[in-house]
There are 2 protein chains.
Amino acid sequence: MTLVLSNDDVENLLTMPDCIEALETAYKDLAVGRGITRQRSDCIAPTSYSDEAIYGLKSMDGVVPALGVGAIRINSDIVTNPRIGNTQRRVKIPAAPGNRYVGLVLLFSTANGEPLAIFPDGVLQHIRVGATNGLGVKYMARKDASVMGLLGSGWQAETQLTAAAAVRDIKEVRVFSPTRENCEAFAKRMAETTGIDVRAVEHPEDAVRGADIAMCGSNSIDPIFFKDWMEPGMHVSSIKKPEVEPDAILAADRVAVHTHDTSPILVVAEGAPFKEEAKEKGWNAAKSLDFSKYPTIAELIIGRGTGREKDEEITCFLNNLGLGFQFAAAGSVIYKRAVERGVGHELPTDWFTETVHP
Amino acid sequence: MTLVLSNDDVENLLTMPDCIEALETAYKDLAVGRGITRQRSDCIAPTSYSDEAIYGLKSMDGVVPALGVGAIRINSDIVTNPRIGNTQRRVKIPAAPGNRYVGLVLLFSTANGEPLAIFPDGVLQHIRVGATNGLGVKYMARKDASVMGLLGSGWQAETQLTAAAAVRDIKEVRVFSPTRENCEAFAKRMAETTGIDVRAVEHPEDAVRGADIAMCGSNSIDPIFFKDWMEPGMHVSSIKKPEVEPDAILAADRVAVHTHDTSPILVVAEGAPFKEEAKEKGWNAAKSLDFSKYPTIAELIIGRGTGREKDEEITCFLNNLGLGFQFAAAGSVIYKRAVERGVGHELPTDWFTETVHP
């Protein structure tokens, strides 16, 4: 049987600690070159949705021999680039029937090639980002870290919080985001679900001052964490490159990154109103930043490179780029749990396999 | 609804003339850069299937704005490399439950991103190769070509024959393949299904001598068509690079290729007993062969480059590499016909879309 799972299924089946554990196992494979991942590719074309929109067919994949799975993640997106204020924003439109997005993960067995499961990527996309930064905390933050400053109050912030709490005994979280109302609602909700003392604060400095762990979990394309805010013993973490000011990265005692992989393969059609995203605003100035010189989280996990040696060191983990590999690693847990619990729509595997030699 | 179709469905829904027409439309998009295609990627990893086998997760994709579709083709393969005689062969093992192969095409709408259909790649894989060479015949062979020499009697040979017959009034086919019995069975079957005079011959020279069209449709990794066999007015065609001796290509008056795309992206894991295939045996010697200087079939279709100017010219079409783009183009026809005829398993599109922002 091939399982078709929903985002709700994924949410119920995959806990943050499970995801962190699966990634940790998988990264050991990756670090020694036994696990592999293929850089994302983006095919960008015109769409009849509107003259200003683009159609994007994106994919990334990876194989985790240690877990016996391979996975491909596919996105089929309608994207617009509205100007909001002075900034060009990139907005994904839920244009599929029922106002829905299209993102899928297909999970395969490396033992016999069979398609094990198909599920949407949304929930896992969120969890795997958090889990990755959770590993950053596990291998780089002080063992006794208990106070967290959190910048952002969206879904990224939520998984950053739960991931950190999965690897450290977090007792206090101070969260800042620009819209006070969102920030307070987030703090209230997270306090309830985690049992941790989560409080909204008025300024970002109030969040990070004196924190053992400062985590960025925003959708900002500008820096939101600055060198001046660094304190001895702090662990700083970002979910994408621009969040932490380059000078702050340079000032850290130890830096690690998610991956040394390069940018996606980009294939852009004539006539597609594609605007290169201003993703790395202010970033290109920091020429001194050569990511390839920093160890990856996978290397830290197998002890090649050191996350932290002394309590007073300032550490910094940059979750610079996602990997298809992560969907395979976490997918293996989702599939295992789904089978154990009898969750999902079971479709005949014959529908997705063939007797004709391909 | 998202349609799940079978190979049988695809075979019933997609005729060779329809596939040729869809590719022709799509290649017009491709030639002007509006249609796009992403080179194949191969992730090669160890498998528990056996120590000698490898697991391959392969994908290619493309978007055809003119047809309103994008597609990704995925293969999840168990592959062994047995030595047969003096040659290392590459053998795909049908290791999935029920002794089946795993190859899938996912078709998406560029209008709203929705997943339109999922179907196995096997039958389409065969038809699209034939259809591509059919376009080679259409744009390069003499208008009055009627006699065909065919080298090979497997599925590749079958679609070569039906493709040529779809674009020229083929009256006689002489077919050669090394195993006489297979060759005769093929000739008998094809004569019955096409109504054409198809005859098995004893030597390859008997097949191609005096033929208007000489088509290679073999699984050979060595040349099977030679310069000495060329005659004025002939159109020579191959389904992969090694079939036609490099000297023969150099001797042709006009040469066209399927694509200028480069080799697949190859990501090989440590510990995978991967053997670079001897795909291009004897080929690397022919340094003078620069494929980028030959027009592509897409360019010929829009009149950029000339397929044939005079009856006495010798033309040569090399179907050098497949494209994910082809699966989108042909997929659009399969989907359209399936909807018209109510074929396939209808699954809720909601299963493959999401409300969570990916």
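The following exercises, each with a worked solution, concern a predicted model of two chains, A and B.

Local features are reported at pLDDT of at least 70 and side-chain atom pairs only at pLDDT 80 or more, whereas totals for chains, interfaces and linings use all residues. Residues are numbered from 1 along each chain as its sequence is written, and chains are lettered from A and ligands numbered from 1 in the order in which they are written.

**Exercise 1. The contact between the chains**

Determine how many residues each chain gives to the contact, and which elements of chain A take part.

Step 1. Two residues are in contact if their C-beta atoms, placed from the backbone, lie within 7 Å. By this criterion, 69 residues of chain A and 69 residues of chain B form the contact.

Step 2. Helices (H or I, at least four residues) and strands (E, at least two) are DSSP runs, numbered from the N terminus. On chain A, the elements that each supply at least two residues to the side touching chain B are S2 (36-46), S3 (54-64), S4 (69-80), S8 (103-109), S9 (115-120), H3 (122-140) and S16 (265-268). S4(A) gives the most, with seven residues.

Step 3. For the classes, Ala, Val, Leu, Ile, Met, Phe, Trp, Tyr, Cys and Pro count as nonpolar, Asp, Glu, Lys and Arg as charged, and the others, Gly among them, as polar. The side of chain A that touches chain B then has 33 nonpolar, 25 polar and 11 charged residues.

**Exercise 2. Two residues in their surroundings**

Classify Ser41(A) and Lys92(B) as buried, partly exposed or exposed, and list their contacts beyond four places in sequence.

Step 1. A residue is buried if 20 or more other C-beta atoms lie within 10 Å of its own, exposed if 12 or fewer, and partly exposed in between, with C-beta atoms placed from the backbone.

Step 2. Ser41(A) lies in strand S2 of chain A and is buried, with 24 other C-beta atoms within 10 Å. Beyond its neighbours within four places in sequence, Ser41(A) contacts Lys58(A), Ser59(A), Pro264(A), Ile265(A) and, from chain B, Arg38(B).

Step 3. Lys92(B) belongs to strand S7 (residues 91-93) of chain B. It has 17 C-beta neighbours inside 10 Å and therefore counts as partly exposed. With neighbours within four places set aside, Lys92(B) contacts His357(A) of chain A, together with Asp77(B), Val79(B) and Tyr101(B).

**Exercise 3. The parallel sheet of chain A**

Establish the strand order of the seven-stranded sheet in chain A, and state which strands stand at its edges.

Step 1. Two strands pair if DSSP finds at least two bridges between them. The sheet is open, its order is S12-S11-S10-S13-S14-S17-S15, and the pairing is parallel.

Step 2. Strands S12 (197-200) and S15 (254-257) of chain A each have a single partner strand, so one side of each lacks a neighbour in the sheet. On average, neighbouring strands are turned by 15° against each other, direction ignored.

Step 3. S10 (residues 147-151) and S11 (residues 172-176) of chain A pair in the parallel sense over five bridges. In S11(A), Val175(A) is the bridge partner of Leu150(A), and Val173(A) is that of Met148(A). Four of the five residues of S10(A) are buried, so this strand is largely enclosed by the rest of the structure.

Step 4. Axes are lines fitted to C-alpha atoms, for helices over the stretch in contact, and angles run from 0 to 180 degrees between N-to-C directions. Helix H4 (residues 155-167) of chain A lies across S10, S11 and S13 (213-216), at about 165° to S10(A). Helix H5 (residues 180-194) of chain A lies across S11 and S12, at about 175° to S12(A).

**Exercise 4. Helix packing in chain B**

Describe how H2(B) packs against H4(B), and name the residues that make the contact.

Step 1. The axes of H2 (residues 16-31) and H4 of chain B come within 9 Å and cross at roughly 75°. H2(B) is therefore roughly perpendicular to H4(B), the term covering angles of 65 to 115 degrees.

Step 2. H2(B) contributes Met16(B), Pro17(B) and Ile20(B), while H4(B) contributes Thr162(B), Ala163(B), Ala166(B) and Val167(B). By class, this contact has six nonpolar, one polar and no charged residues.

Terms used
Angles under 35 degrees count as roughly parallel, over 145 as roughly antiparallel, 65 to 115 as roughly perpendicular and the rest as oblique.
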